[in-house]
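Trainee: Before I accept the labels attached to this model, I would like to go through the reasoning behind them with you, one at a time.
Mentor: Then let us look at it together.

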Amino acid sequence: MKRLPRTQFGNPILRKKAKKVSPNLFGSRSLRQLIKEMFFTMRRVGGVGLAAPQIGKPLQLAVIEIKTTSIRPEVVPLAPTVVINPEILTTSKERLNDWEGCLSFPNVRGLVPRHKHIIVKYFDQSGKRHIVRLEGFQARVFQHEIDHLNGTVYISRMQDMRSLITIREFKQRILGKGLKSK
Ligand code: NI
């Protein structure tokens, strides 16, 4: 399997609201194949989420998979999850600021405020409806990916652009300090 070509910032597809996946496609071979390729691509490039506009498809479809790593030892893992036509039903008033990156913005990170908890409704590839309450990093990743489906990228959510930082500086200044302080 080959990695899907990815769009990067500047591509207008990343700023457009994606179209809903037609219920006719639920359970179809073409949808299953696309999802398989999206998971493959996301894992190969080391992401925790990938939205269809990021591979040039204007569809309300994202894949998410969260694993605990040395960089994120405290996160609650999430098994491979397919998110189709999602809708955020409720959001906590409380927001948390934390670091985010995006496969469409290579080599940078920034501090982004996100709701601490959300309740989200979405469909999986077979058309089954899910309603889940999420918190912490899981809630953050869902908000990031659902933003992609609505044409919003994380730098537009940043409150202070001064936190925008390259990966190299991030590793030296933020990650290095965090790991040393343990
Ligand atoms: Ni992203």
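Trainee: What makes β5 and β8 count as paired strands?
Mentor: Two strands pair if at least two bridges are found between them, and in this predicted model two bridges join β5 (residues 105-115) to β8, so the definition is met. The two strands run antiparallel, and Thr 166 in β8 is the bridge partner of Val 108.

Trainee: Why are β4 and β8 called edge strands?
Mentor: The open sheet has the order β4-β5-β8 with antiparallel pairing, and β4 (95-102) and β8 (165-166) each have a single partner strand, so one side of each is left without a neighbour in the sheet.

Trainee: What lies across β4 and β5?
Mentor: Helix α2 (residues 136-149) does, running at about 60 degrees to β4. The helix also holds His 144 and His 148, four residues apart, which is about one turn of the helix.

Trainee: How do you know which residues are the donors of the nickel ion?
Mentor: A donor is an N, O or S atom within 2.8 Å of the metal, and the atoms SG of Cys 102, NE2 of His 144 and NE2 of His 148 coordinate the ion at 2.1 to 2.2 Å, so these atoms satisfy the cut-off. Along the sequence the spacing of the donor residues is C-x41-H-x3-H. Both histidines, His 144 and His 148, are buried, that is, under 20% relative accessible area.

Trainee: Turning to the other sheet, which strands form it, and in what order?
Mentor: Five strands form this open sheet, in the order β1-β2-β3-β6-β7, and the pairing is antiparallel. Its edges are β1 (49-51) and β7 (129-135), each with a single partner strand, so one side of each lacks a neighbour in the sheet.

Trainee: How do you know that β2 pairs with both β1 and β3?
Mentor: The requirement is at least two bridges; three bridges join β1 to β2 (residues 61-66), and five link β2 with β3 in the antiparallel sense, so both pairs qualify. Within β2, Ile 64 is the bridge partner of Gly 49 and Val 63 that of Leu 50, while Ala 62 has Val 83 in β3 as its bridge partner.

Trainee: Why is β2 described as largely enclosed?
Mentor: Six of its six residues are buried, so the strand is largely enclosed by the rest of the structure. Both faces are covered, with Leu 61, Val 63 and Glu 65 buried on one side and Ala 62, Ile 64 and Ile 66 buried on the other. Helix α1 (residues 29-44) lies across β1, β2 and β3 (78-91), at about 45 degrees to β2.

Terms used:
Residues numbered from 1 in each chain as written. Predicted model: local features only at pLDDT ≥ 70, side-chain atom pairs only at ≥ 80, totals over all residues. Heavy atoms only, no water. Contact = heavy atoms within 4.5 Å. Axes fitted to C-alpha atoms, helices over the stretch in contact; angles between N-to-C directions. Donors = N, O, S within 2.8 Å, 3.2 Å for Na, K, Ca; no water. Buried < 20%, exposed > 50% of the residue type's maximum accessible area, 1.4 Å probe, protein only.
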